[in-house]
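Colleague: I would like a close look at one part of this model. Please start from the pairing of strands and build outwards, with the reasoning spelled out where there is any.

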Amino acid sequence: MADNVNLIDALQALAHERKIDEFYIIEKLEESLAKSYEKILGLVNPARVTIDRKSGRIYVYELVPVGDYNEETDEWDDYEEVDITPDDVSRIAAQNAKGVIAGIVRDATRQAIYEEFSERVGDLITGTVLQGTKDFTIIKIRDGVEAELPHFDLRRYPNELNERPDNERYHHNQRLKLLILKVRNPNGEELHVKGEQSRPTIVVSRTHPDLLRRLFEMEVPEVYDGIVEIKSIAREAGDRSKIAVASKEPNLDPVGACVGPKGSRVRMVVEELKNERVDIIAYDERPEVYIANALSPAKITSVTVDRDTHFATVVVSDDQLSLAIGKEGQNARLAARLTGWHIDIKSTSFTGGPLIEDTSLIEEEEVDETCAFVSEDGVRCRNHARPGSKYCGIHARLEEE
């Protein structure tokens with residue numbers, strides 16, 4: 001009898017500690033024990049187990065079918081409960097209870113976490129690194145709640161995730177800001193991931209573009225209040241990002257607001273992202289200006305756009321070409337993602353001059369005028385014109401002759 005009371009006390013204490021309904025634990029334990037007793041006692045018919053909520057005493061019944069068999073429902077009309085409780089029922093229950101209760105608590109905890117955090121997908125959280133494995137890092141959010149930061153080798157596990165920037169490695173007790181990427185539903189029908197039962201329910205990310213958005217909301221009051229709007233983000237996590245911002249107040253500089261006094265605000269974001277470079281550019285409704293801004297720090301000579309094909313041709317001076325394209329094409333690639341336009345970058349020496357005459361929309365320094373000479377084949381001279389003349393030194397003499 002004392003063992004039965006101790007069982008109830010232990011279940012109540014466990015339910016209180018893990019914040020799980022104690023009756024839920026008892027019901028699940030009854031279902032599991034019923035299956036165990038069917039095997040232990042070699043029953044032909046199903047078993048039912050009841051645990052007295054006060055005394056903790058365990059009763060085992062065999063459900064013997066009575067009445068007629070219904071072929072349509074494939075069931076008997078009724079069952080008679082026959083008490084077959086063995087003398088050592090408590091000992092058998094104790095042998096099976098530990099593993100059963102552990103599974104019940106694990107499933108109930110995962111379900112409780114899912115219900116709490118499933119509505120918080122996309123939120124920024126702060127966690128502490130607990131331990132790392134080859135494939136993922138375990139992050140402690142609070143007592144009893146952990147998250148997984150996956151960094152699988154996608155060549156070996158193409159169905160998994162890699163949410164860790166290549167330049168980041170973590171150590172025990174390191175504090176990180178993370179984005180809640182998804183919360184696995186323990187009762188869902190989605191395909192289970194490798195070793196899911198031993199992995200936390202919450203999946204977090206350090207590579208998602210929205211992590212950058214949430215960090216700016218935290219560091220820039222104008223962004224948090226909605227006065228400055230983040231229009232678009234393009235990110236190559238761990239290396240470089242571009243973010244386009246616009247202000248809802250005409251007299252407020254959105255770029256300056258995000259940069260902060262002496263760069264203090266953007267510096268906090270950069271430090272959290274382990275020195276990832278962040279370019280803040282001004283959004284503009286005019287695609288020519290927006291594309292030119294997105295290619296900063298390169299100075300753009302001209303931009304022409306085809307709105308039907310969403311294709312933009314950008315012309316830069318020779319000394320700005322490599323800057324506009326960026327290392328391994330990164331600057332141009334990020335600008336294309338940021339603006340949503342296909343961007344083709346050409347130098348003035350390749351085109352023979354700007355593609356459009358009106359470049360007043362783009363702020364730029366004055367550039368030397370190109371020689372106006374055009375050959376019989378229609379090729380324009382690439383040399384600069386002499387001061388006060390439309391032609392270079394060579395073709396100025398030809399014109400005089």
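Modeller: A word on pairing comes first: two strands count as paired if DSSP finds at least two bridges between them. The model is a predicted one. Its protein chain has twelve helices and 14 strands, and I take the hairpin of β12 and β13 as the part to look at, with what surrounds it.

Four residues sit between the two strands of this hairpin. Among the residues of the hairpin, H310 has a positive phi near 60°. The strands β12 and β13 are antiparallel and share five bridges. One of the facing positions is D306, which stands opposite F311 of β13.

Next comes the other partner of β13. With β14 the pairing is parallel, and six bridges hold that pair together. V314 has I345 of β14 as its bridge partner. In general, strands of a sheet pair through backbone hydrogen bonds, in either the parallel or the antiparallel sense. How many of the six residues of β13 are buried? Five of them are, and the strand is mostly covered. Buried here means under 20% relative accessible area.

The bridge partners V314 and I345 turn up again in the largest nonpolar core. That core has 23 residues, and V314 and I345 belong to the group that touches the most other members, together with I291, L295, I300 and I343. At least two core residues come from each of α8 (287-294), β12 (302-306), β13 (311-316), α10 (330-339) and β14 (342-347). Apart from this core there is a second one, made of 22 residues, and I20, L33, V89 and I101 are among them.

The helix α8, a contributor to the core of the hairpin, leads on to another sheet. It lies across β9, β10 and β11 and runs at about 160° to β11. These three strands form an open sheet in the order β9-β10-β11, and the pairing is mixed. The edges are β9 (228-236) and β11 (277-282); each has a single partner strand, so one side of each has no neighbour in the sheet. From one strand to the next the twist averages 20°. Between β9 and β10 (residues 240-247) the sense is antiparallel, with eight bridges. Among them, A234 has K242 of β10 as its bridge partner. The helix α4 also packs on this sheet: it touches β9, β10 and β11, and its direction makes about 140° with that of β9.

Which residues of α4 (209-219) are buried? L211, L212, L215 and F216 are. Down the axis of α4, the buried residues fall within an arc of 135°, so they line one face of the helix. The spacing has a general background: an α-helix has 3.6 residues a turn, so residues three or four places apart point the same way.

To return to the hairpin, the picture is this: β13 has β12 as an antiparallel partner and β14 as a parallel one. Those strands supply residues to the largest nonpolar core, as α8 does, and α8 in turn lies across β9, β10 and β11. For the wider setting, buried residues make up 43% of the 401 residues in the protein chain.

Terms used:
Residues numbered from 1 in each chain as written. Predicted model: local features only at pLDDT ≥ 70, side-chain atom pairs only at ≥ 80, totals over all residues. Heavy atoms only, no water. Core = buried A, V, L, I, M, F, W, Y, C linked by side-chain atoms within 4.5 Å. Buried < 20%, exposed > 50% of the residue type's maximum accessible area, 1.4 Å probe, protein only. Arc of directions from axis to C-beta. Axes fitted to C-alpha atoms, helices over the stretch in contact; angles between N-to-C directions. Contact = heavy atoms within 4.5 Å.
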